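Let's walk through this model together, one question at a time. Have the sequence and coordinates open as you read.

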Amino acid sequence: MSSRSDAVMIAVMGATGSGKSTFINLISNSALAVGHGLRSCTTTIGLSQTFELSGRSITLIDTPGFDDTIISETDILNMIALYLSTTYQQGFKLSGIVYMHSISDVRFDGILRRNFNMFRKLCGDDVLQNVVIVTNMWEEVSYECGVARETQLANDDLLFKPALAQGARMLRHYNTVPSARFILSSLLSNVPLALRIQRELVDEGKDIADTDAGRALGSELVALLNKHRAELVQVRKELQEMVRECHARTMRELEESRRDLETRIARAECDRERLSRQYEEGKRMFDEKIRGVMNAIEDERRCRVARDQETLRLLHPQEATPSERAWQQRARRESQDPGEECLFSVLGSMLDVVIRFIAVFLSPQNVST
């Protein structure tokens, strides 16, 4: 088993359909679900199989985009925040972040900008030196077209230019294993750093709504609420005019629009209200589960130490062989300190517990609408 200092955790983020899961599966030989078209397939945090690269043990973290087609941005922020804060509390920091972008995207619209803005709020500018912005799907465009879009992305003040100025790098992925290995190799020498949202939630004890990412999402929800409310006022006004003029068909259409807007408003209000509550409930559940895991591991360690000590009492020290004496010394050390390698194994097990809890607690069927 690799020691903790040899282990590398890298998050893969980006918009829906940008190729995150495909990239992870290619380099790690994993089998994460891959979406086709505009419908999202990554609705929870996923971990790749651990694999070796340049003598390092690598684990990639798959995340949903903030433009997910199945779950809301509130749920996505809670999910990512729960994962990042819990792993950070257990001593894990990311060695790097890969932000995927499809070079085949024709338009650089508000959804793309909002997604990347949320990404930057999560990371913080002082972590951008550990970020690689990866353009992929080059096989879907001509080389000249791809280079032109790449140049535009790198020089757009509302997209990647500010991040590149803060130390982020831009690399190309050609959907090959060597290409993916080159991208990840560029992150191996990084000093692992805590993301802004990890420091805000854990070190500063902030409510998730008061983090940079939480405030950005809250502002968007308020803007969305105001937009829907203005549309509802207009629909109601038109509905009243149709009532006076007795246009039955138009009235039915307007009534459907009114009900749809009222549903959207209720959903947006619910998202605002449950942002903090859902994070706190999820964090409490995770912490309780982790305490249970740690207690079980400690109980098992005590039982093992007791068995080792009993065996030592049965062995006569003067008659022990060199290998037996080395085993005795190792048993004594383990009775005092489980060691870094054991600790890394424990934390790895707890990551699996956290992932399973996230999948259940924030799965679409458990999310209120």
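Q: In which helix does Leu 217 lie?
A: A word on the ground rules: this is a predicted model, in which local features need pLDDT of at least 70 and side-chain atom pairs count only at pLDDT 80 or more, while totals for chains, interfaces and linings use all residues. Residues are numbered from 1 along each chain as its sequence is written, and side-chain values use heavy atoms, with hydrogens and water left out. Helices (H or I, at least four residues) and strands (E, at least two) are DSSP runs, numbered from the N terminus. Leu 217 lies in helix α8.

Q: Is Leu 217 buried or exposed?
A: Buried means under 20% relative accessible area, exposed over 50%, and partly exposed in between, with a 1.4 Å probe and protein chains only. The relative accessible area of Leu 217 is 1%, so Leu 217 is buried.

Q: How far apart in space, C-alpha to C-alpha, are Leu 217 and Leu 77?
A: Leu 217 is in contact (heavy atoms within 4.5 Å) with Glu 73, Thr 74, Leu 77, Met 118 and Leu 275, leaving aside its neighbours within four places in sequence. With the same neighbours left aside, the contacts of Leu 77 include Phe 66, Leu 122, Ile 197 and Leu 217. Leu 217 and Leu 77 are 140 residues apart in sequence, and their C-alpha to C-alpha distance is 8.6 Å.

Q: Which element gives the largest share of the largest nonpolar core?
A: A nonpolar core is a set of buried Ala, Val, Leu, Ile, Met, Phe, Trp, Tyr and Cys residues joined through side-chain atoms within 4.5 Å. The largest has 47 residues, and Leu 77, Leu 94, Ile 97, Tyr 99, Phe 119, Ile 133 and Ile 197 touch the most other members. Elements giving two or more residues to this core include β1, β5, α3 and α8. The largest share, 8 residues, comes from α2.

Q: How many residues are in the second, separate core?
A: This core includes Ile 24, Phe 51, Leu 60 and Ala 180. Its size is 21 residues.

Q: How many residues of β1 are buried?
A: In a regular strand, side chains alternate between the two faces of the sheet. On one side of β1, Ala 7, Met 9, Ala 11 and Met 13 are buried, and on the other Val 8, Ile 10, Val 12 and Gly 14 are buried. Of the 8 residues of β1, the number buried is 8.

Q: Which residue in β5 stands opposite Gly 14?
A: Two strands pair if DSSP finds at least two bridges between them. β1 pairs with strand β4 (residues 56-62) in the parallel sense over 6 bridges, and Val 12 stands opposite Asp 62 in β4. β1 also runs parallel to strand β5 (residues 96-102), to which 5 bridges join it. Opposite Gly 14 in β5 stands Met 100.

Q: How many residues of helix α1 are buried?
A: Helix α1 spans residues 20-28 and is mostly covered. Its buried residues, among them Phe 23, Ile 24 and Ile 27, pack against β1, β3, β4, β5 and α6. Of the 9 residues of α1, the number buried is 7.

Q: What is the volume of the largest cavity?
A: On a 1 Å grid over the protein atoms alone, a cavity is a set of points where a 1.4 Å probe fits but cannot get out. Grid points are joined across faces, edges and corners, and a volume is the space filled by probe spheres set on the points. The search of the whole structure finds 3 cavities of 30 Å³ or more. The largest cavity has a volume of about 60 Å³.

Q: Which element supplies the largest share of the lining of the largest cavity?
A: Lining residues have an atom within 4 Å of a point, and here they include Met 13, Gly 14, Phe 66, Tyr 99 and Phe 119. By class, 7 are nonpolar, 4 polar and none charged; Ala, Val, Leu, Ile, Met, Phe, Trp, Tyr, Cys and Pro count as nonpolar, Asp, Glu, Lys and Arg as charged, and the others, Gly among them, as polar. β1 and α3 each supply at least two lining residues. The largest share, 3 residues, comes from α3.

Q: Which helix gives the largest share of the lining of the second largest cavity?
A: This cavity holds about 40 Å³ of space. Its lining includes Met 9, Tyr 83, Leu 84, Thr 87 and Lys 93, and divides into 6 nonpolar, 2 polar and 1 charged. The largest share, 3 residues, comes from helix α2.

Conventions:
On a 1 Å grid over the protein atoms alone, a cavity is a set of points where a 1.4 Å probe fits but cannot get out, and a pocket is an open set with protein on both sides within 12 Å along at least five of seven lines; lining residues have an atom within 4 Å of a point.
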